[in-house]
Amino acid sequence: MSGGERHTVPVDVHVIAVREGEKGPQVLLSRRAGTVYAAGHWHFPSGHVDGPFEDVVTALVRETYEETGLVVDPDDVRAAVTVHHRAPAGSARVGFFFEVRRWSGTPEVREPAVCDAVDWFAFDALPEPMVAYCRAGLEAYRAGVPVALHFQEPGDPISHDPAVDRLRLVPAPGCGERRPGLR
């Protein structure tokens with residue numbers, strides 16, 4: 001043990017809402033607006049866990065409704081990937097990204113002070129600029145890994161930039177590696 005204070009980080013929840021479009025699967029993104037971090041950038045509808053008595057699935061259902069008006073049944077939420085992220089300014093957080101393929105309602109902007117658009121995008125035609133943290137979660141989800149690290153360096157852009165890709169995928173046991181104790 002280090003003997004110092006415990007390191008704590010915010011816990012984020014992100015909805016990866018997926019639907020079948022005319023030309024294949026599409027994902028729902030919202031554009032951040034106002035005085036929030038990364039205003040003008042596309043991101044998943046997302047938010048934070050509100051205190052020690054709210055679990056991540058309840059937070060996801062709440063945030064999805066608050067931001068988009070979509071009603072999600074907790075039983076329709078699927079774990080996608082967990083991302084440990086550090087922003088260029090040095091602050092760290094942990095994000096739980098969840099896939100949802102069933103809901104009721106039509107997505108709309110419900111918090112215009114922090115979001116000015118919501119829209120569906122094909123996975124191979126994502127909008128720019130996109131928040132690097134969100135794009136890292138999306139790429140890890142697409143790779144099928146349970147955990148990813150996205151530790152940006154000072155001076156890195158907050159926008160996704162393939163030339164400064166800091167994503168590190170962490171595979172699960174059984175992804176080509178033999179686990180101890182198994183024959």
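**View 1. The largest pocket of this predicted model holds about 480 Å³ of space.** Of the 27 residues lining this pocket, Arg32, His43, Ser46, His48 and Arg93 come closest to its centre. Several elements chip in with at least two lining residues each: strands E1 (11-21), E2 (24-32) and E4 (46-48), plus helices H1 (56-68) and H2 (132-143). Sorted by class, the lining is a mix of eleven nonpolar, nine polar and seven charged residues.

**View 2. Here's the largest cavity, with a volume of about 30 Å³.** Its lining is made up of Ser30, Pro45, Glu67, Thr68, Glu111, Cys115 and Val118. Helix H1 and strand E7 (115-122) each put in at least two of the lining residues. By class, that's three nonpolar, two polar and two charged residues.

**View 3. Phe96 and Phe98 make a stacked pair.** There are five aromatic pairs in the model. In this one, the ring centres are 6.4 Å apart and the planes sit at 15°, so the pair counts as stacked. Phe96 is partly exposed, at 25% relative accessible area, while Phe98 is buried, at 6%.

**View 4. Phe97 meets Tyr133 edge-to-face.** Their rings are 5.9 Å centre to centre, with 90° between the planes. Phe97 belongs to strand E6 (residues 92-100) and Tyr133 to helix H2, so the pair ties together parts 36 residues apart in sequence. Phe97 is buried, at 1% relative accessibility, and Tyr133 is buried too, at 6%. Ring pairs also bring in Phe44, giving a cluster of Phe44, Phe97 and Tyr133.

**View 5. A charge sits over a ring at Tyr65.** The charged end of Arg110 is 4.4 Å from the centre of the Tyr65 ring.

Note on methods
Residues are numbered from 1 along each chain as its sequence is written. This is a predicted model: local features need pLDDT of at least 70, side-chain atom pairs count only at pLDDT 80 or more; totals for chains, interfaces and linings use all residues. Side-chain values use heavy atoms; hydrogens and water are left out. On a 1 Å grid over the protein atoms alone, a cavity is a set of points where a 1.4 Å probe fits but cannot get out, and a pocket is an open set with protein on both sides within 12 Å along at least five of seven lines; lining residues have an atom within 4 Å of a point. Grid points are joined across faces, edges and corners, and a volume is the space filled by probe spheres set on the points. Helices (H or I, at least four residues) and strands (E, at least two) are DSSP runs, numbered from the N terminus. Ala, Val, Leu, Ile, Met, Phe, Trp, Tyr, Cys and Pro count as nonpolar, Asp, Glu, Lys and Arg as charged, and the others, Gly among them, as polar. Rings of Phe, Tyr and Trp (its six-membered ring) pair if their centres lie within 6.5 Å; planes under 30 degrees apart count as stacked, over 60 as edge-to-face and the rest as tilted. Buried means under 20% relative accessible area, exposed over 50%, partly exposed in between (1.4 Å probe, protein chains only). A charge sits over a ring if NZ of Lys or CZ of Arg is within 6 Å of the ring centre and within 35 degrees of the ring normal.
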